[in-house]
Amino acid sequence: MLCLAFSTSAYASLLVDSRIEDNAHLLTSSQKQALSDKLNEISDKHNFDVVIVTVDSVGNKTPENYTIDYYKGKYSENGIILLLATESRDYWIQPFGSGLKHFDDNDLMNIIDEVIPDISDGKYYTAFKNFADICNKRLTFPVVKYTLISLVV
């Protein structure tokens, strides 16, 4: 059982070079690189894409539809994405695949409560770093839980 707790499936999770797309140019190049490294590390560790996308506008789409269209086909089936559209001040967080069981509605509301105040204050790097950290903790918890259960059994 202990071996199963740490087994992972192989995904072609790196279909792109980076899991951060700062199309709205909110970050410096060093901030973008630091976040890219962090998101890639978390994503590779958990075989789960953690993605951040900033855009000026979602056009005539809803934030939800834009996020789903952006993610699908570009990243693995398991992941979570944070979208920020600066002109309309819209945001959307969408889990995919196994992300639906890792991030329920309550978890998504907690993430929003943590990151949106920083976004509102223009502290984009801090908000995005917190998003990555929260996702990492949430993805790490089930492994710890199942490892402890395995040890007890």
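Arg 89 is exposed, with a relative accessible area of 62%, in this predicted model. The residue sits in the loop between strand 3 and strand 4, and its phi is positive, about 60°, although Arg 89 is not a glycine. The chain that carries this loop contains 6 helices and 4 strands, which follow one another from the N terminus as α-β-α-β-α-β-β-α-α-α. Of its 153 residues, 42% are buried.

**Loop residues with positive phi**

- His 25 likewise has a positive phi, near 55°, and is a residue other than glycine.
- His 25 belongs to the loop between strand 1 and helix 2, where it is exposed at a relative accessible area of 66%.
- A glycine, Gly 73, follows helix 3 and has a positive phi near 85°.

**The sheet**

- The 4 strands form an open sheet in the order 1-2-3-4, with mixed pairing.
- Strand 1 and strand 4 are the edge strands, each pairing on one side only.
- On average, neighbouring strands of this sheet are turned by 10° against each other, with direction ignored.
- Strand 1 and strand 2 are paired in the parallel sense over 3 bridges.
- Strand 2 and strand 3 also pair in the parallel sense, over 7 bridges.
- Helix 5 lies across strand 3 and strand 4, and its direction makes an angle of about 145° with strand 4.

**Strand 2**

- Strand 2 is mostly covered, since 7 of its 7 residues are buried.
- Asp 49, Val 51, Val 53 and Val 55 point one way from the strand, whereas Val 50, Ile 52 and Thr 54 point the other way; all are buried.
- Asp 49, located in strand 2, has a relative accessibility of 0% and therefore counts as buried.
- The side chain of Asp 49 forms a polar contact with the side chain of Arg 19, at 2.5 Å.
- Thr 54 stands opposite Leu 84 of strand 3.

**Glu 21 and its surroundings**

- Glu 21 is part of strand 1 and stands opposite Val 53 in strand 2.
- Although Glu 21 and Thr 54 are 33 residues apart in sequence, their C-alpha atoms are 6.2 Å apart in space.
- Beyond residues up to four places away in sequence, Glu 21 touches Ile 52, Val 53, Thr 54, Tyr 70, Lys 74 and Tyr 75.
- For the chain as a whole, 65% of the contacts between residues at least 6 apart in sequence join residues at least 24 apart.

**Helix 3**

- Helix 3 spans residues 63-71, and its buried residues are Pro 63, Tyr 66, Thr 67, Tyr 70 and Tyr 71.
- Viewed down the axis of helix 3, these buried residues fall within an arc of 120°, so they line one face of the helix.
- The cover over the buried residues of helix 3 includes strand 1 (20-22), strand 2 (49-55), strand 3 (79-85) and strand 4 (90-96).

**Nonpolar cores**

- The largest nonpolar core has 25 residues, of which Val 50, Ile 80, Ile 93, Phe 103, Phe 128 and Phe 131 touch the most other members.
- Two or more residues of this core come from each of helix 2 (29-46), strand 2, strand 3, helix 5 (105-120) and helix 6 (124-152).
- Apart from this core lies another, of 12 residues, which include Val 51, Val 53, Val 58 and Tyr 70.
- With its neighbours within four places in sequence left aside, Ile 93 is in contact with Ile 80, Ile 81, Leu 82, Leu 108, Ile 111, Ile 112 and Phe 131.
- Strand 2 has a residue named in each core: Val 50 is among the members of the largest core that touch the most others, while Val 51 and Val 53 belong to the core of 12 residues. Val 50 points one way from strand 2, and Val 51 and Val 53 point the other way.
- Tyr 70 links several of these topics: it is a buried residue of helix 3, it is touched by Glu 21, and it is a member of the core of 12 residues.

How values were computed. Residues numbered from 1 in each chain as written. Predicted model: local features only at pLDDT ≥ 70, side-chain atom pairs only at ≥ 80, totals over all residues. Heavy atoms only, no water. Buried < 20%, exposed > 50% of the residue type's maximum accessible area, 1.4 Å probe, protein only. Arc of directions from axis to C-beta. Contact = heavy atoms within 4.5 Å. Polar contact = N/O pair within 3.5 Å; in protein donor to acceptor, adjacent residues only side chain to side chain. Core = buried A, V, L, I, M, F, W, Y, C linked by side-chain atoms within 4.5 Å. Pairing = 2+ DSSP bridges. Axes fitted to C-alpha atoms, helices over the stretch in contact; angles between N-to-C directions.
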